[in-house]
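Here is a short report on how some helices pack and where one residue sits. Look at the model first, then read on.

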Amino acid sequence: MKFALIFLMSTLGGVLSGEHFHSFMAGLGIASVAVGTGYWLAFRCSTRYPQLALLLLLMGMMAKMAVTIAGVMWGLEANVINSPIVFALSYLFFSIVVTYLYSKLREFQMARATAATEANKLKAKTA
């Protein structure tokens, strides 16, 4: 249901920003790449070393800011962003949506890894 709501709101936003569709798509692209880069950097290690985890979180935040700044500069230079309001709303919405989707993906991956570990332990006990 949540995914259907996200899809519906994304489609509605794209239709409503029809005259400024390039700004809408620039917000989608830049937000997706920025959040993906920050997410990829932030969750590269286990929680065994808290200092490393904090360093990677900070690096993820800086990478997200760098990708956002570079993307906005590119969009303005290439005249892709012709409506700053549509771009800003699109960027905000898709930052939240992509963050939600990445956390759901991580939750799914962690559940699969836990299930595989449990299955291996059970298999080792019976063998």
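The text below covers a helix pair, the annotated segments and a single alanine in a predicted model.

**Helix α1 against helix α4**

Two packed helices are described by the angle between their axes and the distance between the axes. Helix α1 spans residues 2-16, and helix α4 spans residues 84-126. Their axes come within 12 Å and cross at roughly 155°. Angles over 145 degrees count as roughly antiparallel, so α1 is roughly antiparallel to α4. The crossing of the two is left-handed. On the α1 side, K2, F3, I6, M9 and S10 make the contact. F93, F94, V97, Y100 and L101 meet them from α4. By class, the residues of this contact are eight nonpolar, one polar and one charged.

**Annotated segments**

The unreviewed UniProt entry places "transmembrane region" at residues 27-45, 52-74 and 80-102. The table describes two of these in the model.

| Segment | Helix | Strand | End-to-end C-alpha distance |
|---|---|---|---|
| Residues 52-74 | 100% | 0% | 32 Å |
| Residues 80-102 | 83% | 0% | 27 Å |

**Residue A53**

A53 lies in helix α3, which covers residues 50-77. Is A53 buried or exposed? Its relative accessibility is 19%. Buried means under 20%, so A53 counts as buried. A42 and A53 are eleven residues apart in sequence. In space, their C-alpha atoms are 7.2 Å apart.

Notes. Residues numbered from 1 in each chain as written. Predicted model: local features only at pLDDT ≥ 70, side-chain atom pairs only at ≥ 80, totals over all residues. Heavy atoms only, no water. Helix = DSSP H or I, 4+ residues; strand = E, 2+ residues; numbered from the N terminus. Buried < 20%, exposed > 50% of the residue type's maximum accessible area, 1.4 Å probe, protein only. Axes fitted to C-alpha atoms, helices over the stretch in contact; angles between N-to-C directions. Parallel < 35°, antiparallel > 145°, perpendicular 65-115°, else oblique. Left-handed = near helix turned anticlockwise from the far one by under 90°. Contact = heavy atoms within 4.5 Å. Nonpolar A, V, L, I, M, F, W, Y, C, P; charged D, E, K, R; others polar. UniProt positions renumbered as here; feature names shortened; annotations may be inferred.
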